[in-house]
Amino acid sequence: MTRPLVHVPATARKGAVITIKTLIAHPMETGYRPDENGRLIPRDIIGELVCRYNGKEVFRAELAPAIAANPYVAFTTVATETGTLEFRWTDLTGKHWTHTAPITVVA
Amino acid sequence: MTYARLPALLLALLAVAPAHADPIPPGERLSGAAFMSRETRTMQEDDFANPGMLWVREGEALWAEKAGAAARACADCHGAAEATMKGVAARYPAWESRDGRPVDLLGRINLCRVRHQEAAPLAWESRALLALGTHVAAASRGEAIAPDPDPRLAPHRAEGRALYETRIGQLDLACTQCHDAQWGRRLAGNPIPQAHPTGYPLYRLEWQAVGSRQRRLRNCMTGVRAEPFAYGDPAFIAIELYLMERAAGMTIETPAVRP
C-alpha cells in the first residue's frame, strides 16, 4: 500500500523557482542485512525517481542502497506553464509507483 | 541498543542515585522534541518531510475500508476521524467499562475490530494497527493531554507510578533515575529526555518506521537489560497511564519524529 506524499504549490508565478517535496513508503532494504536466521534479506530498493512537467523531464534522481527507508527527496524547478507534474518511482525489478499533481501558473 | 557502554562515571552516578527522584515541576517539563537536533525537529514540523505522515495517510485509507463479518468501515460508524477522533488520543488510556479494565488507544481500536467489525484483532505493532493508530492520534495533534478522570483508573495509575520507580534489569535502574533525575544529560551520546509520551505512535529514525509507545518502553527496558513486558501487558497500560498523567496539559505531537 505504497502511497507517495507529494507537495507541489497549487499556484506559482511564471518564472518562479518552486520547491517540490516527495516522500514514499519503502523499506530500502540494502541487501546486506541478515534476517533473524542469519540469511541476507534480498535487496529491495527504489533505484530512481523521475519527475516530468507536462511530459518533459525536469528532475531525475538515482537512489543508492545506503539511503534510509521511506526516502524523502526535495528539489526545485521553474514554474513555466499551467499543467501537471508526474512523479514516477521505480524499483530494481521495474515495479513503479506514480503520482500526479496539478499546478496553475499565473503571469 | 543497550546502555552497557555507558560512561563509567554516569553509570556510577546512576547507581548511587536514590530510586526516588522528585517529579519534574510542571513548568520545567519538556517534550522529547526539545532535545533533538534542529534537522530532526524540522523534519517533524514539515508534513511533507515527516515520514510519519505516510502512516497517517495509510491509516486514512484503512479507516474507510470495510472489514470483518459486519462489513463495516471505521468511517461508517465514526465519520471523519479528523473531527470525531479529535482529543481521543489525548485522553487515553481510558476506562473500558464492559471489560472492567483500562485500555490504550491501540487496544481500543482492536476492540472495535472485534466487537464492531467482527474481524480478527490486528497484531500488536503490525503496520495496519500502527497506521490506524497514527491516523486516529494525529486528529489530536495540538490538543492538550487530558487524562481520563474515571476514578477506577486510580489504582492502575498508582501501579504505573510504582513500576516507574522500581529498579529493574541487570543495570538495576528505575525509569525515574534516568528521566526525572538525569534528563538533559547524555547517555552513550544520546540526550536523556523526560519521557513524556506526547508523540505516539511516532517515527523513530533508528527504527526507520513508526512504532508504538509500548515499543519505546520495551527499548528502555532492554536498554537496562531487563526482560521487557509483552505487548498489551496490563503493566504497560499502567505505565502509560502514569506517563500520560505526568504529561497532563502538554501538547500531542503525533506523528512525532525521534532520533
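Contact here means heavy atoms within 4.5 Å. By that yardstick, in this predicted model, B:Trp63 touches B:Ala73, B:Cys74, B:Ala75, B:His78, B:Gly79, B:Ala80, B:Ala81, B:Met85, B:Leu132, B:His135 and B:Val136, leaving aside residues up to four places away in sequence. B:Trp63 also turns up, along with B:Trp55, B:Met85, B:Leu105 and B:Leu132, among the residues with the most contacts inside the largest nonpolar core, a set of 34 residues. Helices α3 (52-63), α6 (88-91), α7 (105-116) and α8 (127-138) of chain B and strand β6 (209-211) of chain B each put in at least two residues, and the largest share, seven residues, comes from α8(B). A second, separate core has 25 residues, including A:Ile45, A:Ile46, A:Ile103 and A:Val105.

On to the aromatic side chains. There are six aromatic pairs over all chains. In one of them, the rings of A:Phe59 and A:Phe75 have centres 3.8 Å apart and planes at 5°, so the pair counts as stacked. A:Phe59 sits in strand β5 (residues 56-62) of chain A and A:Phe75 in strand β6 (residues 72-78) of chain A, so the pair ties together parts 16 residues apart in sequence. Both A:Phe59 and A:Phe75 are buried. Rings also meet charges in chain B: the charged end of B:Arg127 sits over the ring of B:Trp55, 4.2 Å from its centre, and B:Arg218 lies over the face of B:Tyr231, 4.7 Å from the ring centre.

Salt bridges come next, with 21 found over all chains. B:Arg141 and B:Asp47 pair up at 3.1 Å, N to O. B:Arg141 lies in the loop between α8 and α9 (154-164) of chain B and B:Asp47 in the loop between α2 (38-45) and α3 of chain B, so this bridge ties together parts 94 residues apart in sequence. B:Arg141 is partly exposed at 35% relative accessible area, and B:Asp47 is partly exposed at 27%. In the bridge between B:Glu240 and B:Arg213, the closest N and O atoms are 2.6 Å apart. That pair links helix α12 (residues 234-246) and helix α11 (residues 213-223) of chain B, 27 residues apart, and both partners are buried. B:Arg101 and B:Asp99 form a bridge at 3.2 Å, N to O, and they belong to a salt-bridge network with B:Glu96, B:Arg108 and B:Arg115.

As for the interface, chain A and chain B bury about 1,300 Å² between them, 64% of it on carbon and sulfur atoms. The contact takes 13 residues from chain A and 17 residues from chain B. Two salt bridges cross the interface; A:Arg3 bridges to B:Glu60, with the closest N and O atoms 3.9 Å apart.

Note on methods
Residues are numbered from 1 along each chain as its sequence is written. Chains are lettered from A and ligands numbered from 1 in the order in which they are written. This is a predicted model: local features need pLDDT of at least 70, side-chain atom pairs count only at pLDDT 80 or more; totals for chains, interfaces and linings use all residues. Side-chain values use heavy atoms; hydrogens and water are left out. Rings of Phe, Tyr and Trp (its six-membered ring) pair if their centres lie within 6.5 Å; planes under 30 degrees apart count as stacked, over 60 as edge-to-face and the rest as tilted. Helices (H or I, at least four residues) and strands (E, at least two) are DSSP runs, numbered from the N terminus. Buried means under 20% relative accessible area, exposed over 50%, partly exposed in between (1.4 Å probe, protein chains only). A charge sits over a ring if NZ of Lys or CZ of Arg is within 6 Å of the ring centre and within 35 degrees of the ring normal. A nonpolar core is a set of buried Ala, Val, Leu, Ile, Met, Phe, Trp, Tyr and Cys residues joined through side-chain atoms within 4.5 Å. Buried area is the accessible area (1.4 Å probe) that two parts lose on being put together, summed over both. A salt bridge is a side-chain nitrogen of Lys or Arg within 4 Å of a carboxyl oxygen of Asp or Glu.
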